[in-house]
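Let's take a walk through this model together. Have the sequence and the 3D view open side by side as we go.

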Amino acid sequence: MDSTDKLNMMGSLGADHVIDYTQEDFTKNGKHYDLILDIRTDRSIFDYQRALSSNGIYVTVGGKSSHIFQLVFFGSLISM
């Protein structure tokens with residue numbers, strides 16, 4: 001998931017599916033993903049959980065500290 005100007009580059013790097021976050025909310029489109037790689041971490045952990053497949057993996061690189069703390073405190077409970 002990234003902005004419009006980076007979608008082609010991400011596809012050329014091997015991404016199977018890319019989403020323009022300015023056009024689509026991937027947490028509400030009804031699809032489930034095996035891997036979510038997030039650079040921004042600007043959503044609730046529960047939004048990400050809704051978009052993950054049952055064995056899906058969520059990886060974050062950075063973002064808002066409040067959301068990162070939420071991941072630290074609730075991540076292991078949600079993954080059960």
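Leaving aside its neighbours within four places in sequence, which residues is Ser53 in contact with? In this predicted model, the answer is His32, Tyr33 and Asp34. Ser53 sits in strand β2, which covers residues 52-60. With a relative accessibility of 18%, Ser53 counts as buried, because the cut-off for that label is under 20%. One of those partners also pairs with it through side chains: Ser53 and Asp34 share a polar contact of 2.9 Å.

Now zoom out a bit. You're looking at three helices and two strands, and if you trace them from the N terminus the order is α-β-α-β-α. The protein has 80 residues, and 29% of them count as buried. The accessible surface is about 5,600 Å², with 57% of that belonging to carbon and sulfur atoms. As for how the chain meets itself, take the contacts between residues at least 6 apart in sequence: 24% of these join residues at least 24 apart.

Next, the inside. The largest nonpolar core has ten residues: Ile19, Phe26, Tyr33, Ile36, Ile45, Tyr48, Ala51, Leu52, Tyr58 and Leu71. Strand β1 (33-38), helix α2 (45-51) and strand β2 each put in at least two of them, and α2 gives the most, with three. Tyr33 is a name you've already met, as one of the contacts of Ser53.

Then there are the charges. Side chains of opposite charge can pair when their charged atoms come close. This structure holds three salt bridges, and a good place to start is Asp25, in the loop between α1 (7-12) and β1. Asp25 is partly exposed, at 25% relative accessibility, and its side chain makes a polar contact of 2.6 Å with the side chain of Thr27. Asp25 forms a salt bridge with Lys28, where the closest N and O atoms are 4.0 Å apart; Lys28 itself is exposed, at 65%. Asp25 also bridges to Arg43, with the closest N and O atoms 3.2 Å apart. Arg43 lies in the loop between β1 and α2, so its pairing with Asp25 ties together parts that are 18 residues apart in sequence. Arg43 counts as buried, at 19% relative accessibility.

The remaining stop is helix α2, where Asp47 and Arg50 are three residues apart, which means about one helical turn separates them. They form a salt bridge whose closest N and O atoms are 3.0 Å apart, and Arg50 is partly exposed, at 41%. Back at the loops, shared partners join Asp25, Lys28 and Arg43 into one salt-bridge network.

Note on methods
Residues are numbered from 1 along each chain as its sequence is written. This is a predicted model: local features need pLDDT of at least 70, side-chain atom pairs count only at pLDDT 80 or more; totals for chains, interfaces and linings use all residues. Side-chain values use heavy atoms; hydrogens and water are left out. Helices (H or I, at least four residues) and strands (E, at least two) are DSSP runs, numbered from the N terminus. Buried means under 20% relative accessible area, exposed over 50%, partly exposed in between (1.4 Å probe, protein chains only). A polar contact is a pair of N or O atoms within 3.5 Å; within protein, one must be able to donate a hydrogen and the other to accept it, and residues adjacent in sequence count only if both atoms are side-chain atoms. Contact means heavy atoms within 4.5 Å. Accessible areas come from the Shrake-Rupley method with a 1.4 Å probe; for residues, only the protein chains shown count as cover. A nonpolar core is a set of buried Ala, Val, Leu, Ile, Met, Phe, Trp, Tyr and Cys residues joined through side-chain atoms within 4.5 Å. A salt bridge is a side-chain nitrogen of Lys or Arg within 4 Å of a carboxyl oxygen of Asp or Glu.
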